[in-house]
Amino acid sequence: MEPDREPRGTVTQREQSMVLNDVNMLYHIYASVPPLAQKLMMELQRKNHVEYLLRGLQQLGPSFCSLDANRPWICYWILHSMALLGEFIDADLEDRTIEFLSRCQDPNGGYGGGPGQMPHLATTYAAVNALISLGGEKSLSSINRSKVYTFLKCMKDPSGAFRMHDAGEIDVRACYTAISVASILNILDDELLQNVGNYILSCQTYEGGIAGEPGSEAHGGYTFCGLAAMILINEADRLDLDALIGWVVFRQGVEGGFQGRTNKLVDGCYSFWQGGVFALLRRFHSIIGESPTPVDQRGAECSIDNTQTTTASDVSEGDGSSDEISSQGDEHCHFQHREREPLFHSIALQRYLLLCSQDPGGGLRDKLRKPRDYYHTCYCLSGLSICQHSWLKDEDSSPLPHAVLGPYSNVLEPVHPVFNIVLDRYHEAHEFFSRS
């Protein structure tokens, strides 16, 4: 008879255990070093990030050939990251970027993944956001709005949703990118709006989050896209917002970061895709005069009858032992509408981003053991900005020191949460396209 073997668990359980051990070890190291070392560990390495970003905008190595159909995205990820850091690129590089993106613009409208490639809603969104992030009349006037509108109409499906490209897939991401582009370019009309809300509503799942298409699993990226699109078309109140908030709240794990789906690993990019949902809700409820807040919530925690949960603050502020990590409880909580602190644990999320996602040599990443990349640099910095500005009622105000983890020099530029564009660039574009 074979001796009893210790259960090994599933692949997901083993990976989750490894991530928690890595995070706990780093948090324990942070807690044990002198205050000066803690300050250095918690500092946003601006200079190194800028150098990393500029290298990518000027020249990419052969390993990026697999992203040949995503070149406008790389431009957006880098330019938006630079804007968040309050940095500008020189005139020559700016002109070259505008010229390149113009060559990605299809003669019949929309932008492809590179010169000569077929137009696609995702790369159209990325190119438009990249050009707005550059700012200036030359950049903004390079967008052929009438041709973009023609392309958007061609992507409109009879169901009310949008296709990503000619004969392509229909999903919530397509709806968001189309509506976002049309809204910021001031070309949104009733024809583009027709039945979009019905399609997005059909994608909200029993969990409360939004899936990419009807019948699929709730996902952080699609939840952001669906909610942002519904806000833009003034139909957000058709969603079950209490259920949506409840689902997103419980996606913040004990590490401090967010996961994209139930029972998945933490990933730095979801600091924006999930954390940005709270900024969207704050903007939406500021319009209708309400602010949703979990009863007796503390950061990422909901108060639930006779149920004890462990939050990210318990891990990041504790002694770093594995005993601090436990599963979260029932995901049912009721929401009241009143003005209070952010719905998520902002400080714990900043701690995860600065200690676990930041590469001290420049760039940000998914998690420890993962390499840096421009996608995660963009969305980790976007999430960090959301955290820092999440307490503010007035978007023109500066964050209070207690809302910023680490030195105050960590403060990033605020973003418009619906478009994920730095606020001053959004205002410039809004004014430009309103008069043209």
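Colleague: How does α4 pass α18, in a left-handed or a right-handed crossing?
Modeller: Take the near helix and compare it with the far one. Anticlockwise by less than a right angle counts as left-handed, and clockwise as right-handed. For α4 passing α18, the crossing is left-handed.

Colleague: What kind of model is this?
Modeller: Residues are numbered from 1 along each chain as its sequence is written, and side-chain values use heavy atoms, with hydrogens and water left out. Local features need pLDDT of at least 70, side-chain atom pairs count only at pLDDT 80 or more, totals for chains, interfaces and linings use all residues, and the model itself is predicted.

Colleague: How many helices and strands are in the chain?
Modeller: Both come from DSSP runs, numbered from the N terminus: H or I over at least four residues for a helix, E over at least two for a strand. On that basis, the chain has 19 helices and six strands.

Colleague: At what angle do α4 and α18 pack?
Modeller: Axes are lines fitted to C-alpha atoms, for helices over the stretch in contact, and angles between N-to-C directions run from 0 to 180 degrees. Helix α4 covers residues 71-84 and helix α18 residues 374-389. Their axes are 9 Å apart, and the angle is about 35 degrees.

Colleague: By class, how many residues of each kind are in the contact of α4 with α18?
Modeller: Contact means heavy atoms within 4.5 Å. Trp 73, Tyr 76 and Trp 77 are among the α4 residues that meet α18, whose side includes Tyr 374, Tyr 375 and Thr 377. Ala, Val, Leu, Ile, Met, Phe, Trp, Tyr, Cys and Pro count as nonpolar, Asp, Glu, Lys and Arg as charged, and the others, Gly among them, as polar. The contact has five polar residues, no charged ones and, on the nonpolar side, ten.

Colleague: How are α9 and α12 set to each other?
Modeller: The axes of α9 (residues 172-184) and α12 (residues 220-232) come within 8 Å and cross at roughly 40 degrees. Angles under 35 degrees count as roughly parallel, over 145 as roughly antiparallel, 65 to 115 as roughly perpendicular and the rest as oblique. The two helices are therefore oblique.

Colleague: Which charged residue is in the contact of α9 with α12?
Modeller: From α9, the residues that meet α12 are Val 172, Arg 173, Tyr 176, Ile 179, Ser 180 and Ser 183. By class, the contact has nine nonpolar, three polar and one charged residues. The charged one is Arg 173.

Colleague: Which residue, ten places away along the chain, is paired with Tyr 222?
Modeller: Tyr 222 sits in helix α12. Leaving aside neighbours within four places in sequence, its contacts include Asp 171, Ile 210 and Ala 211. At 5.5 Å, C-alpha to C-alpha, the residue ten places away is Gly 212.

Colleague: Is His 416 buried or exposed?
Modeller: Buried means under 20% relative accessible area, exposed over 50%, and partly exposed in between, with a 1.4 Å probe and protein chains only. His 416 lies in strand β5, residues 415-416. Beyond four places in sequence, it touches Arg 283, Ile 421, Leu 423 and Tyr 426. With a relative accessible area of 5%, His 416 is buried.

Colleague: What is the relative accessible area of Asp 366?
Modeller: Asp 366 is found in the loop between β3 (364-365) and β4 (372-373). Among the residues it touches are Val 266, Asp 267, Tyr 352 and His 376. Asp 366 is buried, at 11%.

Colleague: How many residues of α13 are buried?
Modeller: Leu 241, Leu 244, Ile 245 and Trp 247 are among the buried ones. The helix is largely enclosed by the rest of the structure, because the buried count, out of nine, is seven.

Colleague: What is the phi of Asn 234?
Modeller: Asn 234 lies in the loop between α12 and α13 (241-249). Asn 234 is exposed, with a relative accessible area of 68%. It is not a glycine, yet phi is positive, at about 60 degrees.

Colleague: Where is phi near 65 degrees in a residue other than glycine?
Modeller: Look in the loop between α13 and α14 (270-273). The residue is exposed, at 62% relative accessible area. It is Asn 263.

Colleague: How far apart in space are Ser 102 and Ser 142?
Modeller: Ser 102 is in helix α5, residues 91-104. Ser 102 counts as partly exposed, at 31% relative accessibility. The two serines are 40 residues apart in sequence, and their C-alpha separation is 6.8 Å.

Colleague: What share of the chain's residues is buried?
Modeller: The chain has 436 residues. The buried share is 56%.
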